[in-house]
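User: I would like a close look at a single part of this model, explained slowly enough for someone in a first year of study.

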Amino acid sequence: MRTVIPDAAEMHDFGAALAGRLRAGDLVVLTGPLGAGKTTFTRGLGVGLRVRGSVTSPTFVLARTHPSTVGGPPLVHVDAYRLSSAVELDDLDIDFPHSIVVVEWGRGMLDGLTESWLDIEIERPLGASQAAPSGLSDDGFDLDEPRTVTITAHGPRWAGDAGFDPEAADDEA
Ligand code: ADP
Ligand code: MG
């Protein structure tokens with residue numbers, strides 16, 4: 001499925017809403033350039049999952065675990081930017097079956113780790129790459145711009161899920 005998210009607050013809410021569709025063992029891979037909104041999305045997801053602590057960019061720690069405050073699965077937030085393979089991701093010893101795992105920059109790094117995942121691609125509008133990074137305007141204020149979000153489900157976990165499985169959606173139509 002593909003949708004347009006008009007601003008950062010809506011991206012946050014989009015992440016929070018997706019929380020209701022996820023359960024322990026689920027893996028979400030986020031793809032998009034610097035400043036696309038990957039961490040903004042994950043912050044909203046953390047709020048939706050009611051985890052402890054607010055989600056910040058994990059760039060300097062590679063992975064951060066946010067326990068649930070309501071007895072649900074923890075959110076494990078990974079920044080794979082400086083990892084180069086599935087082996088290195090595996091070395092982080094993430095408890096995949098009991099967690100909801102979000103990996104920024106993880107596309108192409110999942111070989112053999114899992115059979116199902118949600119691929120979420122966030123694209124900035126054409127020309128936005130010429131603007132200052134991180135969505136900041138020259139005078140330092142956040143510049144809200146639409147993002148295109150494309151969700152592609154991979155593997156049996158999502159088969160028959162009308163929200164993510166294109167074939168199931170066709171059946172309903
Ligand atoms: P990433 O983790 O992909 O590098 P961040 O979520 O850290 O990106 O930063 C995204 C930046 O873009 C934030 O400053 C946010 O306020 C801004 N922004 C502007 N418009 C949007 C939008 N529609 N969705 C998400 N973020 C947006
Ligand atoms: Mg980020």
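Which residues lie on one side of β5 and which on the other, and are the two faces covered or open? Please also describe the strands beside β5 and the loops around it.

Analyst: Please keep in mind that this is a predicted model. The strand β5 covers residues 100–104, and I100, V102 and E104 lie on one side of it, whereas V101 and V103 lie on the other. Residues on both of these sides are buried, and both faces of β5 are therefore covered, a residue being counted as buried if 20 or more other C-beta atoms lie within 10 Å of its own. Put as a count, five of the five residues in β5 are buried. The way the names fall on two sides follows a general pattern: in a regular strand the side chains alternate between the two faces of the sheet.

Next come the strands that pair with β5. Strand β2, residues 27–31, runs parallel to β5 and is joined to it by four bridges, and within this pairing L30 stands opposite E104. Strand β4, residues 75–79, also pairs with β5 in the parallel sense, here over five bridges, and D79 stands opposite E104. From β4 the chain crosses through α3 to β5, and this β-α-β crossover is right-handed.

The loop that leads from α3 (86–91) to β5 contains D93. The phi of D93 is near 55°, which is a positive value in a residue other than glycine. D93 has 7 other C-beta atoms within 10 Å and is therefore exposed, because a residue with 12 or fewer such neighbours is placed in that class.

After β5, the loop towards β6 (117–123) holds W105, and L110 is placed in the loop between β5 and β6 as well. W105 has a positive phi of about 65° although it is not a glycine. With 19 C-beta neighbours inside 10 Å, W105 counts as partly exposed, because being buried would require 20 or more. L110 also counts as partly exposed, with 19 C-beta neighbours inside 10 Å.

Leaving aside residues up to four places away in sequence, L110 touches V29, A86 and W117. The C-alpha atoms of L110 and D90 are separated by 8.9 Å, although these residues are 20 residues apart along the chain.

Key:
Residues are numbered from 1 along each chain as its sequence is written. Chains are lettered from A and ligands numbered from 1 in the order in which they are written. This is a predicted model: local features need pLDDT of at least 70, side-chain atom pairs count only at pLDDT 80 or more; totals for chains, interfaces and linings use all residues. Two strands pair if DSSP finds at least two bridges between them. A crossover is right-handed if, with the strands pointing away from the viewer, the path from the first strand over the helix to the second runs clockwise. Two residues are in contact if their C-beta atoms, placed from the backbone, lie within 7 Å.
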